[in-house]
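User: Please take me through some features of this structure, step by step.

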Amino acid sequence: MKKVRYLGYLFILPAVIAMILVHVIPMGWGILISFRDLTLRNIRNWREAPFTGLKNYITAFNPVTTVGQRFLRSLQNILLYGFVTITVGFLIALGVALLMNKPFVGRNIVRGIILIPYITPDSVAYNFWRFIFQSRIGILNEMLLRIGIIQEPIMWLVGKNTIWAVIIASIWKGWPLTSLMLLAGLQTIPVELYEAARIDGANAWQCFKHITLSYLKPVIKTIMIMNILWNFHAYNQFVVLFGRNPGIHAEVPNTLIMREAFDNYNYGQGSALSVILMLMMLVITVVYQYFFRVRAEE
Amino acid sequence: MSRRTPVQNFFFYLIIIVVILFVLGPYAWMVSSSFKTSVEIQGMRPTWIPQTFTLDNYKNMNTTVPILKYFTNSLIISTGTMLCALVLGTLAAYGISRFKFWGRDLYILVLMATQMLPGILFIIPYFMLFTWIKNTLGIPMTNTFHGMIFTYTSFALPFSILMLRNYLDSVPKDIDEQALIDGCNRFQALYKVIIPLAKPGLAAMGIYAFIMGWNEILFATILTSTKTRTIALGLLQYISQNQARWGEMMAACVFATIPVIVAFTSVQKHIVAGLVAGATKG
């Protein structure tokens with residue numbers, strides 16, 4: 001039996017080494033350099049970078065500095081972006097999943113079609129959305145003008161509307177996966193439950209609330225935490241739609257960190273921002289788990 | 001199931017059609033624009049159907065931006081990622097599926113947690129690590145194919161291992177034991193008996209790794225330049241300060257989507273099953 005144990009380690013060893021090199025070492029290193037004033041001058045030997053303690057962390061929350069102001073704004077933006085994208089995306093996904101759970105002609109084809117946004121590469125999807133959002137030559141403004149909802153073309157990719165443009169494109173890209181997961185959850189619900197409830201005189205809303213939703217709860221719980229965390233990672237949609245500097249209205253932590261590190265060469269400051277971001281995600285995960293556990297016990 | 005009345009039926013299909021239009025509309029715009037002339041794109045009111053149908057965008061897409069080269073780069077990087085992830089992932093998945101060892105559950109937990117970590121957390125030190133390797137060991141890492149393949153392999157591994165482990169768990173352990181009795185060692189049992197049985201799972205995992213490499217943007221921005229630039233970044237080059245070549249860009253977008261669609265449809269059942277299992281079990 002001893003030999004068998006050692007063999008198990010042997011099998012996972014190559015994958016573990018690769019992940020240590022790519023995930024563990026850089027993560028630890030990132031935390032170390034976040035306490036230093038690491039810039040282009042001392043990038044070749046990071047130990048020469050002056051140790052500055054919590055300075056980078058304090059700067060991040062100091063609205064007087066450019067970085068602090070931008071960072072606080074980027075947190076606001078990501079919260080708005082995440083809230084709207086997740087909520088609307090979830091409602092569409094749930095609605096479509098409920099429809100797809102019913103038998104109808106062409107169900108498999110429709111199922112294949114709704115997967116399309118999910119499998120489209122990010123850079124392709126957000127590039128054609130960028131074209132759609134063009135104010136003069138884009139199809140969205142043209143359609144809105146034709147219908148008469150707007151009188152003047154909207155500037156989607158500059159200024160205040162940028163955050164809504166990226167929200168629309170992200171909803172389009174994100175809901176199909178949620179929908180498929182919900183559909184898989186729906187298909188585990190025994191049909192007899194609904195029949196029994198009908199006989200007991202439950203109406204459609206009661207069936208939905210007490211059977212469907214309670215069965216879906218674990219799936220919804222996972223989907224929600226995944227979506228929340230993924231939204232904090234959001235980068236591709238912003239950089240493809242708006243470029244490296246999305247402007248104050250669509251700045252998110254990731255775009256700010258990338259510019260701070262690789263355009264302004266403040267590697268230490270950039271690392272501090274990313275550590276803060278990770279800590280926030282950690283807190284959210286813990287609170288979320290705790291909240292759901294308490295709710296489940298009630 | 002209860003039957004629908006004709007009116008209900010009408011609204012039911014109406015909603016389905018609206019959903020399909022919402023999903024396919026942007027796609028239709030991409031495809032139709034790729035067949036438009038630049039005069040039509042820049043000068044006329046936008047329409048869904050090209051007024052003059054042209055293939056020029058497809059012919060010219062490689063002149064302004066070396067998109068074929070980027071396509072080849074992506075193909076090399078993604079295929080390399082796929083092969084490396086297959087080897088490492090199969091070994092690890094087999095390890096956690098067949099052996100009980102101290103730290104196994106912890107390892108599985110770490111794999112799940114790793115998927116949730118933001119790439120931004122690694123990218124700065126990772127860039128420094130690559131510079132350090134070059135300066136001290138003399139091995140170039142940034143802007144090389146092996147550097148990109150190594151990076152993407154590690155990113156693809158956590159999900160690949162978990163997905164394949166689910167699949168291997170469904171292959172009975174008696175089969176391994178029979179192979180061991182017949183004189184195979186563990187590696188031979190894996191190679192000769194289990195891998196042939198797990199082909200669909202392996203295919204799904206390989207394609208997942210391929211698509212991951214094809215789509216990645218964040219690390220490619222920092223770690224690649226002209227020699228190894230991937231197609232995901234190359235697409236952005238059609239729009240510059242001076243000119244916007246939307247038609248060619250849309251043609252290139254169609255071109256960049258094809259490998260993903262082909263790869264995905266060939267194994268979609270298994271990838272979706274893997275993703276869904278992640279949600280329903282979690």
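User: Which residue caps the N-terminal end of α9(B)?

Analyst: This is a predicted model, in which local features need pLDDT of at least 70, side-chain atom pairs count only at pLDDT 80 or more, and totals for chains, interfaces and linings use all residues. Residues are numbered from 1 along each chain as written, chains are lettered from A, and side-chain values use heavy atoms, with hydrogens and water left out. A side-chain oxygen lies 3.0 Å from the backbone nitrogen of F187(B), and the residue that supplies this oxygen and caps the helix is N185(B).

User: Why are the buried residues of α9(B) on the same side?

Analyst: In α9(B), the buried residues (under 20% relative accessible area with a 1.4 Å probe, protein chains only) are R186(B), A189(B), L190(B) and I194(B). Because the directions from the helix axis to their C-beta atoms cover so little of the circle, they share one side of α9(B), the arc being only 95°.

User: Which residues are exposed on the other side of α9(B)?

Analyst: Exposed means over 50% relative accessible area. On the side of α9(B) opposite the buried residues, those that qualify are Y191(B) and K192(B).

User: What distance does α9 of chain B reach from its first C-alpha to its last?

Analyst: Helix α9, a DSSP run of H or I with at least four residues, covers residues 186-197 of chain B and has 12 residues. The expected span is 1.5 Å times one less than the number of residues, giving 16 Å, and the helix comes close to this with 15 Å.

Terms used: Helices (H or I, at least four residues) and strands (E, at least two) are DSSP runs, numbered from the N terminus. A polar contact is a pair of N or O atoms within 3.5 Å; within protein, one must be able to donate a hydrogen and the other to accept it, and residues adjacent in sequence count only if both atoms are side-chain atoms.
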